[in-house]
Structure formats: structure tokens, C-alpha cells
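Okay, thanks everyone, let's get going. I'll put the model up and then walk you through it piece by piece.

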Amino acid sequence: MSLSGKKIILGVSGSIAAYKAALIVRGLVKAGAEVKVLMTKAATDFISPLTLATLSKHAVTTSVHDGESWNNHVALGLWADAMLVAPATATTLGKMANGICDSAIVAVYLSARCPVFFAPAMDLDMWAHPATKRNVDLLKSYGNHLIDVGTGELASGLSGAGRLAEPEDIIELLSAFMARTQDAEQGMKGARDESPFGPPTSPSLRAAGAKKMAEREQDLANQTILITAGPTYEDLDPVRYLGNRSTGRMGIALAEAAAARGAKVDLVLGPTELTTEQDGITVHNVRSAREMHAVSVLKWRTANAAILAAAVADYRPSRTEAGKIKKKDGPLTVKLVRNPDIAAELGQEKKPHQRLVGFALETENGVENARGKLKKKNFDFIVLNSPNDKGAAFGHATNKIQLVTGNKVTDFELKPKAAVAHDILDALVGL
Ligand code: C5P
């Protein structure tokens, strides 16, 4: 992870996650970057400018002018190799998206010619609001790079999507982007394809990226794709269940990417707060492995391909109690029985024209175990990820995968899940 010699502007806006700006500054400096910090007034209520000035070894700018002198935001915008706004609040996103220039962050953002990254942080309902979504889409449409939110506990006590991406993930993504842009500028082969944020920003590369996007555009037209995603919940009684920490984000990203490339998608989605309303996707909400199995088997009959990204519970309680299980003295024994293996069943019924892609989450002997599954479940290839990799697998906005076939392993670097989805679909189209 190197940002050696890179000049980075960090914009910090007023979210409770602003305290994490200290970790971001420290991580950036540790990776070799020179960092200058801008803060909104609200951010200074959450973390002291002195902290960030000390860590960045530069004075912190909190307004375009301080009554006596004017801070040259244009010069700062031109100085930077990259600008990162983290945490980006709903307010700051809205102001950046609409050019409302009443803070040093927005003034510098509007003057900056470098790549701009924004990492939002807010409560789940604010994040889900159409106004926020529109502002995020606007910012992306201007060529800025979203570092997607994470899922988990929020300051409000609620749990869901809206957490600031982990500081290490943010720094990792920025480093990967800068390394790739540098390679691309030096004309190194493969640099375009591997950019963690899709097409890089120099004009010639942007044109090449746009060409690739256009070719990709409708390469799944007339294809029906079944995607399973999310966890399954296996009920013990009316209020308790056995589940897992899958959020469904990777599967939803796959569904959205496939639909964007022209596919008709059936998304069989386990219980999660995330969903999608994108055209071309029919969402089938299910709860248990058996429900997921029933819908998947039905949809597989008419599908050209299936991508099985769900974290299906291997076992369920042998019975679901009708009433709440009462506590008694001593231990409670619950008998678990095997759930249907959806993947194995689809693999068995696979017709010559159908393609089947599985996922594997392995903590050890990843490739070897993945190859075992590939054969057993009749997958065409398997997407392997390891929870040991930083920023990968459950709950993260990013993922780091290997694609495993019978005789080949292809490594990919850490990327936002939307970019990972396109890599997987590229491999599927390649079949
Ligand atoms: O055997 P394992 O659970 O590791 O296999 C993972 C792959 O199989 C994933 O693609 C997962 O979605 C799928 N699977 C399934 N039904 C199960 C268990 C796993 O479709 N009951």
C-alpha cells in the first residue's frame, strides 16, 4: 500500500464518524502521502482541528476566509493529486452535487482537477432517501468516485447501511487507484482494466474505458440470469432464528451490473435491509434456505445462467417451535438437520447451454477447497473470497476475489463490489 509522494486533500464533514478522520489522516501519512485537511464547521464539533493538524503536519482549513485573510481554494484544488471527502454527510454530498459553495470543502471540490472520492456516512434512512440517492448519482455522473457505505451498527443505535467505509479500506482503495493511474500514465499493459473505480481519469484512458463500457453495454441482452444473495434465516421459534452476517450486497451488485448489461434478472434475496429497484430485476424475497431453494429451482428452468452468491445455512433446526422457547435450568439442545444444497441441485439439472457460477468463502486451503466444490456442484467457475483478506467478504463495500476454474486461478485486487460484479460478469460472458 503506497501513496508515496501523493498530495491528498481530505475534506471532513460533520458526522459522528468524523473521529475516524484521525485514522484516515494517520493511514494516509503512513502510506507516504502529504495530507492537507479541510473541515466544515460542523465537523469541528466532532473532532478538533488541532488533532488533524497535528497528524497531518499542516494547518487545517475550516472556511474559505477567516475574516482577515482569504484561503486560496483554487491553488489548493490544483495542488492535489486526489481529493477525498470522508466522512461525507448528506448535507455536504448535496452541496457538492449542486454546487452550493458555502464551505472550504465545496470551494476546493469545485476547483479541483484531480480525481475526487467521497465516502458517505449517515443513518440508514438518510442514506436510503431518494434525495441522497439522487445526489450520489449526480456526483458519480460528474466522474467522482463513490466509496460505498458499510453495513452494521450506526450511531443512532439502529443497524443497517450507512456506516463510513473502514479507514483501511478507504486507504487501500485510494492506493490501488493511484497505483493504477500511475501505471496507466506510464502506458503499462492491463492498467485500464484493473482500475478499482472503472475508467481512470486521463482523457485518453477515459476514451478507452468508455469504449470498453460501450462494448459491455448490452452484452447480456436476451439472457435470463438467476442470482441468489443474502443470508437465510432458519427459525427456531416465532422470535428466534439461526442466521449469518451476509448483507446480500455482492449479489445485489451482481444483479444491478447484469441488468445494466441488458440481462433479465431474477434476484432471490434472503432477509436483509438492502434491496434494489433497478429496472430489469425481479426481486423474490425469501427467508429460509427451503424458500430460497423452491424459487431458485423454479427460475433455473428458464435461466441461461445462475450466480449463487447467497450464504445459505447448511443446517436448520429440526423443528420450529410454535411458541417462544422458554428458558429452563440447564442447557438446551437443538437438533439441526441438513438444508437442501441449492447449488448442487442446480448443478445436477444443468443443461448444456446453461452456466453456473458459485461462491466460496474459505479461511484455509481456498483454491483446493474451491476446486472440490467446483466439481461437486458442477460450477463453471467459482468466485473465491477469504474473510482473512482486509476489506473482503461480509459487510464490506469492497471485495477481493479469485476466480477459480478446474485448471486456472485469476487474482483480482481489492475493488468496490460494483467493479467486482463486472469482473465476474466479464468472466461469465467469456464462457
Ligand atoms: O458448500 P458451500 O456452502 O461452501 O458452497 C458455497 C456455494 O454453494 C455458494 O455459491 C452458495 O451460494 C451455494 N450454496 C447453495 N445452497 C446451500 C449451500 C451453498 O446454493 N445449501
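Before the ligand, one term: by a polar contact I mean a pair of N or O atoms within 3.5 Å; inside the protein, one must be able to donate a hydrogen and the other to accept it, and residues adjacent in sequence count only if both atoms are side-chain atoms. With that in hand, a nitrogen atom of the ligand sits 2.9 Å from a polar backbone atom of proline 340.

Now the housekeeping. This is a predicted model, where local features need pLDDT of at least 70, side-chain atom pairs count only at pLDDT 80 or more, and totals for chains, interfaces and linings use all residues. Residues are numbered from 1 along each chain as its sequence is written, and side-chain values use heavy atoms, with hydrogens and water left out.

Back to the ligand. What else does the backbone offer its oxygen atoms? For alanine 310, a backbone N or O atom lies 2.7 Å from a ligand oxygen, and for phenylalanine 359 a polar backbone atom is 2.8 Å from an oxygen atom of the ligand. On its own the ligand has 440 Å² of accessible area, and the protein covers 86% of that; those areas are Shrake-Rupley with a 1.4 Å probe, and for residues only the protein chains shown count as cover. The surrounding residues, meaning those with a heavy atom within 4 Å, include Leu308, Val312, Asp314, Asp341, Lys373 and Lys377.

On to the sheets. Helices (H or I, at least four residues) and strands (E, at least two) are DSSP runs numbered from the N terminus, and two strands pair if DSSP finds at least two bridges between them. Eight strands make an open, mixed sheet, ordered 12-11-8-13-16-17-19-20. Its edges are strand 12 (281–285) and strand 20 (409–411), each pairing on one side only. From one strand to the next the twist averages 15°.

Inside that sheet, strand 8 (residues 224–229) and strand 11 (residues 264–269) run parallel over six bridges. Leucine 226 is the one opposite aspartate 266 in strand 11. Just ahead of strand 8, in the loop after helix 11 (203–216), is asparagine 222, with a positive phi near 70°.

Two helices to point out, with contact meaning heavy atoms within 4.5 Å, and angles, from 0 to 180 degrees, taken between the N-to-C directions of axes fitted to C-alpha atoms, for helices over the stretch in contact. Helix 12 (residues 249–260) lies across several strands, including strand 8 and strand 11, at about 170° to strand 11. Helix 15 (residues 366–376) crosses strands 16, 17, 19 and 20, at about 150° to strand 17.

The other open sheet has five strands, parallel, in the order 2-1-3-4-5. Strand 2 (34–39) and strand 5 (145–146) each have a single partner, so one side of each has no neighbour in the sheet. Strand 4 (residues 116–120) meets strand 5 over two bridges, with phenylalanine 118 partnering leucine 146. Proline 87 is in strand 3 (residues 82–88), and a cis peptide bond, omega about -5°, links alanine 86 to proline 87.

Last, confidence: pLDDT is the predictor's per-residue confidence, from 0 to 100. The chain averages 88, and 89% of residues score at least 70. Residues 188–196 fall below 50, with 25 contacts in the model beyond near neighbours in sequence.
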